[in-house]
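Dear colleague,

Please find below the structure that I am handing over to you. My notes on it follow directly after.

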Amino acid sequence: MGDDLRFEGTRVAVEAGDTVASALYRSGVRTFTRSLKYHRRRGPYCLTGDCPNCLVNVDGEPGVRACTTVASPGQVVRREAGWPSPDHDLLNVTDHLHPLMPVSFYSKTFIRPRSAWRWAERVIRRATGIGRLPMGRAPRLRPATTLHADVLVVGGGVAGLAAAAEAASDGRRVVVVDEGRLGEKPWDPVTIERIESLAASARAAGAEILERHTAVGLYEGPFVPVVGPDETLHVEAGRVIAATGAVEAHAVFPGNDLPGVFLARGAARLAGRHGVAPGRRAALVTTTDEGASTASVLRDAGMEVEAIEGSVVAAEGRRRVRAVVVDTVTGPRRIACDTLVLSLGWAPRDALLRMGTDDEVLGAGDVVIPGCSIEAAEESGRRAARGQTDPPVDAPIVPFASDGYVCLCEDVSLHDLERSWAEGWRSSEILKRYTTTTMGPCQGAVCGRLLASFAGARADAVATRGTRTTARPPARPLALEDLAAGVDEVIERRTSLHERHLELGGRPIHSGAWMRPSTFGDVREEIRSVRERVGLMDVGTLAKFLVAGRDAEELLDRILPTRVRGLAPGRSRYAIVLSEAGYVVDDGLIAALGDGRFFLCTTSGGAASMEAWLRDRIDRWALHAHLLDQTSELGAILVAGPTARSVLERLTEDDVSATTLPHMAHARITVAGVRCRALRVGFVGELGFELHHPRSRGPELYDALLEAGRTEGVQPFGLDALDVLRLEKGHIYLGQDTLPDDHPEKLGLSWAVDGDKEDFVGKHALERMFAIPPERKLVGLRIEGAPARGIPLSSGGRVVGRVTSAARSDAVGATVGLGWLRGNDGTFPTDLRAGDAVARVVPTPFYDPEGERLRV
Amino acid sequence: MSLAIPCPRCGPRPFEEFSFGGELRALSSPDAEGDFVRVYLRENAPGPQAERWFHAYGCRRWVTVVRDTATNRIVPGG
């Protein structure tokens with residue numbers, strides 16, 4: 001008995017060609033699921049993957065369409081909806097209460113008292129829904145592949161394959177995708193034979209046919225995401241031919257969702273392909289040419305079939321269909337039966353076609369000519385391959401009976417729509433949003449046209465209110481992990497010292513794209529070491545650019561608000577970078593290297609935009625300047641603290657004294673055998689050397705510094721310590737202390753703008769803005785309380801600003817911070833509260849205001 | 001969603017390789033009023049628009065292309 005699948009503790013035999021639905025149906029299962037809200041019994045209806053009536057859990061995955069899933073031995077299938085079981089569902093009580101429950105009943109009812117929702121939601125969440133997410137299962141990481149094709153054909157039926165064969169015969173690259181296996185859906189031998197022969201000629205002409213690949217959307221380009229069994233394809237196609245066929249028309253009448261009601265092609269497929277008779281006695285209500293052949297295939301399967309022309313008034317029965325009432329030309333007739341088969345026309349499966357905004361999206365076959373013959377489908381496909389298409393033929397809607405379910409996925413009945421209309425929701429788009437019609441797994445494949453027709457037929461609707469709601473992806477159900485294909489790879493940049501940091505107990509955190517240590521254990525000790533002894537920090541993440549070429553100086557001088565011309569080789573200068581609008585976008589250090597070359601060192605996060613921006617200017621000003629991004633090739637270690645020099649002196653024979661290498665100077669020196677560019681900088685407010693070195697030499701340089709500094713008590717420090725050290729000096733973090741529209745005056749950085757310069761990027765904008773008193777500015781704060789970043793600053797009960805940075809400073813002996821203040825005509829409030837704590841505006845830097853500790 | 005940018009060095013490449021640099025604007029303007037318009041105001045009109053794209057994941061150079069913003073198509077030779 002190895003050929004069985006497991007179904008809720010029983011074994012179900014699987015025969016060749018079976019789907020999960022056909023195997024279960026053969027074994028006697030009739031109720032496959034329960035409806036979303038009213039827990040009505042549902043069973044196979046379309047058998048083409050279009051409706052939600054056979055969703056089951058297969059091997060732990062919820063919401064699987066049983067009718068399009070191949071049955072395989074060992075599969076574990078269970079039904080999920082219904083409590084305690086799908087066969088005996090006590091929650092079916094809601095079906096009896098349905099007349100009392102308008103759309104949005106729960107949120108209307110449990111709105112008061114407000115505390116009611118908390119428990120009501122818990123109950124409602126359990127009572128609704130059709131499956132449980134597999135919690136704790138690791139998502140499958142699926143790759144995404146881009147595929148280029150001249151022609152993408154969606155749908156491997158007669159029309160699609162004819163289009164593929166025709167297009168491939170002129171040497172174009174053609175890809176056909178079909179959500180199932182070719183020839184799997186039709187049941188009549190003529191169609192199957194035609195599909196096989198067309199597939200053979202398409203393949204022979206070079207077309208690639210991908211089975212079990214579902215096109216889930218269509219975007220401009222055209223661009224089509226296709227979900228396959230193991231991957232997601234991003235198809236960039238020159239032309240898309242949608243040969244997606246048609247669903248049979250869904251009819252609305254009381255009992256239209258009872259198990260035993262089938263769309264004709266579904267019933268025929270069950271009988272003709274799988275040899276499973278849908279029941280014993282069928283009433284076949286038909287208005288199409290296919291009716292006769294459906295009747296014969298059902299009879300061949302041993303069913304008694306009564307074919308009737310007319311409109312269905314109602315289907316009767318509780319657990320399944322027992323009888324059907326049909327309005328015929330001779331008057332209403334009641335027919336006892338256990339199966340109702342409907343062949344009432346077609347609803348084009350036109351979701352992709354309607355998403356297409358390009359000329360290159362064409363329809364072929366049933367989707368444009370619903371119910372067309374095999375010959376017509378083939379001809380339509382060949383025409384589409386040549387770029388011709390027919391205007392879609394309108395398929396008539398089956399008139400509504402007195403009630404019944406319009407939307408099977410979301411359990412919305414005709415009565416619900418009427419009531420919502422009476423409440424004032426009077427267009428198809430707004431009805432859709434209010435009632436969630438078309439918003440379920442089928443995405444309107446079954447009900448979309450019915451909703452539009454409902455709204456369009458109302459006397460009090462304006463013309464546009466009855467239009468089809470906008471088609472949007474996904475056109476077919478898909479898993480979130482399919483959408484996430486290819487995005488699981490997080491780019492994580494590491495410096496060459498990453499392993500060293502881990503060995504030293506550093507705690508790495510994400511800082512932009514980089515991994516950087518936040519601390520090595522004791523932040524206060526790290527701060528103290530920098531203030532009193534010496535600390536080491538990996539600053540290799542800084543953006544580093546070499547600017548060379550005849551016009552390098554001109555380039556930087558025209559860009560930066562500080563004077564670059566005349567900057568002596570061996571000297572460097574702090575610079576802010578302004579946008580054309582005068583806003584501060586970056587800051588850093590500009591160092592003159594001699595020979596007209598410059599080294600530009602800016603913030604870690606701004607490397608990419610800085611490079612793009614510099615290249616834009618080089619290009620547009622047509623300057624002779626070269627830019628080399630050295631961010632990745634150079635590492636950098638900051639050695640800072642009162643004893644930094646004595647540590648360095650132990651490792652170098654070069655002169656690093658205050659006379660040769662004073663504050664804001666730089667030089668080429670060799671430290672522990674590693675050639676470095678040493679920049680005297682002061683971001684942390686102490687004697688500091690930034691040693692820029694070849695990335696590969698980083699670990700040995702770091703080790704040597706740690707070893708040489710042992711007697712001084714050298715201490716590595718991380719981002720947390722840096723945050724306090726720079727704050728004590730009043731240095732801002734761009735992005736944390738600033739807003740996107742901050743000009744230098746608001747930040748207290750006017751000193752970094754050389755007003756005498758003839759021109760620089762943003763100069764005109766600054767002149768305009770400097771003429772107006774700033775409405776807000778960044779100030780230094782002393783706070784009589786615990787530090788808290790982000791809390792509001794208030795004055796006289798009015799919120800006037802916000803704290804952007806705050807920390808307890810041992811060096812200052814107080815809580816210090818930076819924050820925004822909103823002013824009035826250039827005057828700013830002084831008596832402040834930061835949250836509940838008293839705060840005072842004080843000048844910055846808080847620590848060593850004269851900068852004496854830097855100039856040693 | 002899908003757009004190929006013609007890079008003069010690399011050929012047509014998917015737009016995801018580029019970063020968008022906005023409308024092509026003059027580099028300077030003769031007076032303050034003109035500068036205000038140049039810096040702060042955008043046409044943002046439907047139709048052909050000259051714009052800058054930076055080939056960040058390619059040759060790292062800038063490209064000026066004309067794109068029809070209404071159809072999201074590159075205007076050849078624009």
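How many bridges join strand 29 of chain A to strand 33 of chain A? There are four, and the two strands, of which strand 29 covers residues 543–548, run antiparallel. Helices (H or I, at least four residues) and strands (E, at least two) are DSSP runs numbered from the N terminus, and two strands pair if DSSP finds at least two bridges between them.

Before the remaining findings, a note on conventions. This is a predicted model, in which local features need pLDDT of at least 70 and side-chain atom pairs count only at pLDDT 80 or more, while totals for chains, interfaces and linings use all residues. Residues are numbered from 1 along each chain as its sequence is written, and chains are lettered from A and ligands numbered from 1 in the order in which they are written.

The sheet of chain A

Strands 29 and 33 belong to an open sheet of five strands in chain A, with the order 30-31-32-29-33 and antiparallel pairing. Strand 30 (572–578) and strand 33 (626–629) stand at the edges with a single partner strand each, so one side of each has no neighbour in the sheet. On average, neighbouring strands are turned by 25° against each other, direction ignored. Within the pairing of strands 29 and 33, A:Leu546 has A:Leu628 of strand 33 as its bridge partner.

Two helices pack on this sheet. Helix 17 (residues 552–559) of chain A touches strand 29, strand 31 (584–594) and strand 32 (597–602), and its direction makes about 125° with that of strand 29. Helix 18 of chain A touches strands 29, 31, 32 and 33, and its direction makes about 170° with that of strand 33. Here axes are lines fitted to C-alpha atoms, for helices over the stretch in contact, and angles run from 0 to 180 degrees between N-to-C directions; residues are in contact if their C-beta atoms, placed from the backbone, lie within 7 Å.

The interface with chain B

In the interface, 16 residues of chain A are in contact with 17 residues of chain B. Helix 18 (607–620) and helix 22 (763–770) of chain A each supply at least two residues of the side that touches chain B, and helix 18 gives the most, with six residues. That side of chain A divides into six nonpolar, two polar and eight charged residues. Ala, Val, Leu, Ile, Met, Phe, Trp, Tyr, Cys and Pro count as nonpolar, Asp, Glu, Lys and Arg as charged, and the others, Gly among them, as polar.

Chain B itself has one helix and six strands, in the pattern β-β-β-α-β-β-β along the sequence. Its C-alpha atoms fill a box of roughly 40 × 25 × 20 Å along the principal axes.

Other helices of chain A

Helix 11 (residues 414–423) and helix 12 (residues 428–435) of chain A pack at an angle of about 115°, with their axes 11 Å apart. They are therefore roughly perpendicular (65 to 115 degrees). A:Asp416, A:Leu417 and A:Ser420 in helix 11 meet A:Leu431, A:Tyr434 and A:Thr435 in helix 12.

Helix 7 (residues 264–272) of chain A is mostly covered, with nine of its nine residues buried (20 or more other C-beta atoms within 10 Å of the residue's own, all placed from the backbone). These buried residues pack against elements of chain A including helix 1 (20–26), helix 8 (291–300) and strand 21 (339–343).

With kind regards

Terms used: Parallel < 35°, antiparallel > 145°, perpendicular 65-115°, else oblique. Buried ≥ 20, exposed ≤ 12 C-beta atoms within 10 Å, placed from the backbone.
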